[in-house]
Amino acid sequence: MKRLMQYITALLFLYGCAYGQSGADDNFAHLPSPRKGEMVATFAGGCFWSLSEGLSELKGVNKVVSGYSGGTTKWPTYEEVGSDKTGHAESVQVYYDPTVIDYATLAEAFFYAHDPTTLNRQGPDVGKDYRSVAFYRSPEEQKTLMEVAAKVNASHHYANPIVTQVVPFKVFYPAENYHQGYYRLHPESPYIQAVSVPKVQKLQKAMGDKMKPAFQVKHS
């Protein structure tokens, strides 16, 4: 058993987020338009499997779409983004109700949902496609992101300072259908169990009652 776990760990570090992927439906997912009163935010923080799940568990978040942003290639595929030649990062687009969760709270959750102190890396996932980026759509969002980053730095939640890029939003391309909801569809995946689940649990603990009731950490 010990050797098996060592082998699985080695595979995780070799293949990263690509480990366990399935191309059963490699058509690009539908990207919905915001509904009336709904707002949109875009973030990149390593493998989008865990980031999309974690942020979707927040109160006020209606939908999260996994995709690609921050690069130059139009409609890139997962394999192209993984080559680090498109400039894109694995990203998520969050559709939320601003009367329930404000942008500052969403930004704080983003910083807790991954490790924003590592450059071009999240655990076993290495490359610019796994870099930490917050894409702002207005000067107000840019200001909020800088303030929240400063708050998290001051809290010493992380031993090292945040290196997240804060850049203007340009375009978001939805990823293939098989990436959408991957965390819940493949709970048995070694990568999900070893890498994604601890990240989601970390967010649940950090955000407390900001999570939907079903995902709030129960304290004994």
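**A walk through the fold, starting at a loop**

Let's start at Asn120, which sits in the loop between α4 and β4 (121–122). This is a predicted model, and Asn120 is a good place to get your bearings in it. The backbone does something worth a look here: phi of Asn120 is near 55 degrees, a positive value in a residue other than glycine. Is Asn120 buried, exposed or partly exposed? With a relative accessible area of 22%, Asn120 counts as partly exposed, because the cut-off for buried is under 20%.

His156 makes a natural companion. It isn't a glycine either, yet its phi is positive, at about 60 degrees. You'll find His156 in the loop between α5 (139–155) and β7 (165–168). Its relative accessibility is 65%, so His156 counts as exposed.

Now step back to the whole chain. Its secondary structure comes to 7 helices and 8 strands. Of its 220 residues, 49% count as buried. The accessible surface is about 11000 Å², and carbon and sulfur atoms account for 56% of that. How much of the contact network joins residues at least 24 apart? Take the contacts between residues at least 6 apart in sequence, and 80% of them join residues at least 24 apart.

Two loop residues show what such contacts look like up close. Ala29 lies in the loop between α1 (2–15) and β1, and at 9% relative accessibility it counts as buried. What does Ala29 touch, once its neighbours within four places in sequence are left aside? The list is Pro174, Ala175, Glu176, Asn177 and Gln180. Take Asn177 as the example: it is 148 residues from Ala29 in sequence, but the C-alpha atoms of the two are 4.8 Å apart in space.

The second loop residue is Asp84, between α3 (78–82) and β3 (89–96). Asp84 is partly exposed, at 34% relative accessible area. Not counting residues up to four places away in sequence, Asp84 touches Gly127, Lys128 and Asp129. Tyr130 is 46 residues from Asp84 in sequence, and their C-alpha atoms are 9.4 Å apart.

Next, head for the aromatic side chains. The structure holds 9 aromatic pairs. One of them is Phe43 with Tyr103: the ring centres are 6.3 Å apart and the planes meet at 25 degrees, so this pair is stacked. Phe43 belongs to strand β1 (residues 39–45) and Tyr103 to helix α4 (residues 103–112), so the pair ties together parts that are 60 residues apart in sequence. Both Phe43 and Tyr103 are buried.

Stay with the aromatics for Phe110 and Phe111. Is this pair stacked or tilted? The ring centres are 5.2 Å apart and the planes are at 50 degrees, so the pair is tilted. Phe110 is buried, with a relative accessible area of 0%, and Phe111 is also buried, at 0% relative accessibility. Put these residues together and you have one aromatic cluster, formed by Phe43, Tyr103, Phe110 and Phe111.

The cluster leads us back to helix α4. This helix is mostly covered, with 9 of its 10 residues buried. Aromatic residues aren't the whole story in α4: its buried residues also include Thr105, Leu106, Ala107, Glu108 and Ala109.

Then there's α2. Of its 9 residues, 9 are buried, so α2 is largely enclosed by the rest of the structure. Phe48, Trp49, Leu51 and Leu55 are among the buried residues of α2, and so are Ser50, Glu53 and Ser56.

Ser56 takes us to the last stop, the largest pocket. Its volume is about 270 Å³. The elements that give two or more residues to the lining are α2 (48–56) and β2 (61–69), and the largest share, 6 residues, comes from β2. Which lining residues lie nearest the centre? Among the 15 that line the pocket, those are Ser56, Lys63, Val64, Gln180 and Gly181. You've met Gln180 before, as one of the residues in contact with Ala29. As for chemistry, the lining divides into 4 nonpolar, 7 polar and 4 charged residues.

Definitions and conventions. Residues numbered from 1 in each chain as written. Predicted model: local features only at pLDDT ≥ 70, side-chain atom pairs only at ≥ 80, totals over all residues. Heavy atoms only, no water. Helix = DSSP H or I, 4+ residues; strand = E, 2+ residues; numbered from the N terminus. Buried < 20%, exposed > 50% of the residue type's maximum accessible area, 1.4 Å probe, protein only. Contact = heavy atoms within 4.5 Å. Areas by Shrake-Rupley, 256 points an atom, 1.4 Å probe, with all protein chains shown as cover. 1 Å grid on protein atoms, 1.4 Å probe; cavity = no way out; pocket = protein on both sides within 12 Å on 5 of 7 lines; lining within 4 Å. Points joined across faces, edges and corners; volume = space filled by probe spheres on them. Nonpolar A, V, L, I, M, F, W, Y, C, P; charged D, E, K, R; others polar. Phe/Tyr/Trp six-rings, centres within 6.5 Å; stacked < 30°, edge-to-face > 60°.
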